[in-house]
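User: I am new to this structure and would like a close look at one part of it, the charged side-chain pairs. Please take me through them slowly, and then place them among their surroundings.

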Amino acid sequence: MPALSVERLSKRFGRTYALSEIGFTVEPGEMVALIGASGSGKSTLIRHIAGLERGNGGNGRITVEGRVMQQGGKLSPEARAIRRHIGVVFQQFNLIGRLPVLTNVLIGCLGRVPAWRGTLGWFARSEQETAVRALMRVGIAETARRRASTLSGGQQQRAAIARALVQGAKLLIADEPIASLDPASAKRVMEALADINRVDGITVIVSLHQVDYARLFCPRTIALRAGEIVYDGPSEVLTDAFLREIYGEASEELVLAGTPAAQKRPRPVAVPMAQALATT
C-alpha cells in the first residue's frame, strides 16, 4: 500500500491552473524531493497533500496509507484523523517565539492528549522525555530551555522537525524548509530529515528550490513546471544540462553556485536529559 497516492489532482485560481491533472505515488520509507522554479506549484501541492486546501472537482483524489484525504474537491470525513499522522514543516518554522523550545516541541502531542491538558500546557514527564529525545535526534537538545525566538533559523527549523517526531508522524512533508537558511544550516536541516527517514522509516517529501540538496539527500525527485510533472525519477539524473532542457533559463534559479556537500557539519553538543528538562 502506498504511503501517498495523488490521482488527477487539479487546482485552478481564476483561469490559471496551479496544478493540472497531477498524479504520482510514494511508497513507505521513500525520501522524495519536489523541485521547480517559482510558481511551479510545489507549495500548492504540499498544502493539498496535508489537507489544508481542496482541489477542484472532478476525479482528483489523494489517499494517505489507503485512507482518502480528499476526493472530487471535498475533504473526507477522515481528513482530520489522517492529518494527525502527517507532520508538516513550513518555511517560516511556525514556532511560538515566547515559549521554551521544549514546549513548542511538546505541541506535537496535542492530537493525542486530553483537551484540558493541552489548554493548560500540562505534559507528563514521559511526554517531556520524548520531546527531549526528539531534540537530541536533531542535535539541539541544549536549546530546550531557551525561548524559541532566540534560536537561529536553522535551529528553529530543526525544532519544528522535532515537533513532527513527537507528533508520531508517519508522513513528513516539508515545504521549502531551507529556503531562508544559510548553506551550513540548510545542510543540517536536510541531514536531520534524512536521518529520520533512514532510521525511523518515516516517509519524507521535501519541497526544494535548490536542486543540489535533492541530488545529495533524496534518491527520487519529482520536478514540476507550470503545475505539471515534467520529471519523476532518480535524482542523480538531474544534471545541470538536463535541468536546462526541462526549465530553460528558469533552471538558473534551481542550481547553486557551490555544492553543500563540501561543508562540514559541526558536532552537536551532548546534553543530559535531566539537564534539558530542568526548569522547563
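Analyst:
**Salt bridges and their surroundings**

When the whole structure is searched, 14 salt bridges are found. The model they come from is a predicted one, and each value below is computed from it. As background, side chains that carry opposite charge can pair when their charged atoms come close.

A convenient place to start is the pair formed by Asp 232 and Arg 220, whose side chains meet in a salt bridge with an N to O distance of 2.8 Å. Asp 232 belongs to strand β11 (residues 228-234) and Arg 220 to strand β10 (residues 220-225), so this pair ties together parts of the chain that are 12 residues apart in sequence. The two partners do not fall into one exposure class: Asp 232 has a relative accessible area of 37% and is partly exposed, whereas Arg 220, at 13%, counts as buried because buried means under 20%.

Arg 220 also leads to a neighbouring residue, Ala 33, which lies in strand β3 (residues 31-35). Leaving aside residues up to four places away in sequence, Ala 33 touches Val 206, Leu 208, Ala 214, Cys 218, Arg 220, Thr 221 and Ile 222. One of these contacts shows how the chain brings separate stretches together, for Ala 33 and Ile 222 are 189 residues apart in sequence, yet their C-alpha atoms are 6.1 Å apart in space. Ala 33 itself is buried, with a relative accessible area of 0%.

A second pair is the one between Arg 215 and Asp 240, in which the closest N and O atoms are 2.7 Å apart. This pair links distant parts of the chain, since Arg 215 sits in helix α8 (residues 211-217) and Asp 240 in helix α9 (residues 240-247), with their positions 25 residues apart in sequence. Both residues count as partly exposed, Arg 215 at 28% relative accessibility and Asp 240 at 33%.

The next pair stays within one helix. Arg 125 forms a salt bridge with Glu 129, and here the closest N and O atoms are 3.6 Å apart. Both residues lie in helix α5, 4 residues apart, which is about one turn of the helix. Glu 129 is partly exposed, with a relative accessible area of 25%.

Some charged residues take part in a wider arrangement: Arg 137, Asp 195, Arg 198 and Asp 200 are linked in a network of salt bridges.

Turning from charged to nonpolar side chains, Trp 122 is found in the loop between α4 (115-120) and α5 (125-137). Trp 122 counts as partly exposed at 47% relative accessibility, and together with Trp 116 and Leu 120 it makes a nonpolar surface patch of about 410 Å².

Finally, the surroundings include open space, since the largest pocket holds about 600 Å³. It is lined by 21 residues, and those closest to its centre are Arg 83, Arg 84, Ile 86, Gly 111 and Gln 167. At least two lining residues are supplied by each of α2 (79-83), β7 (86-89) and α6 (153-167), and the largest share, 4 residues, comes from α6.

Technical notes: Residues are numbered from 1 along each chain as its sequence is written. This is a predicted model: local features need pLDDT of at least 70, side-chain atom pairs count only at pLDDT 80 or more; totals for chains, interfaces and linings use all residues. Side-chain values use heavy atoms; hydrogens and water are left out. Buried means under 20% relative accessible area, exposed over 50%, partly exposed in between (1.4 Å probe, protein chains only). Contact means heavy atoms within 4.5 Å. Patches are made of residues with over 30% relative accessible area and no salt bridge: like charges are joined within 9 Å, nonpolar side chains (Val, Leu, Ile, Met, Phe, Trp, Tyr) within 5 Å. Accessible areas come from the Shrake-Rupley method with a 1.4 Å probe; for residues, only the protein chains shown count as cover. A salt bridge is a side-chain nitrogen of Lys or Arg within 4 Å of a carboxyl oxygen of Asp or Glu. On a 1 Å grid over the protein atoms alone, a cavity is a set of points where a 1.4 Å probe fits but cannot get out, and a pocket is an open set with protein on both sides within 12 Å along at least five of seven lines; lining residues have an atom within 4 Å of a point. Grid points are joined across faces, edges and corners, and a volume is the space filled by probe spheres set on the points.
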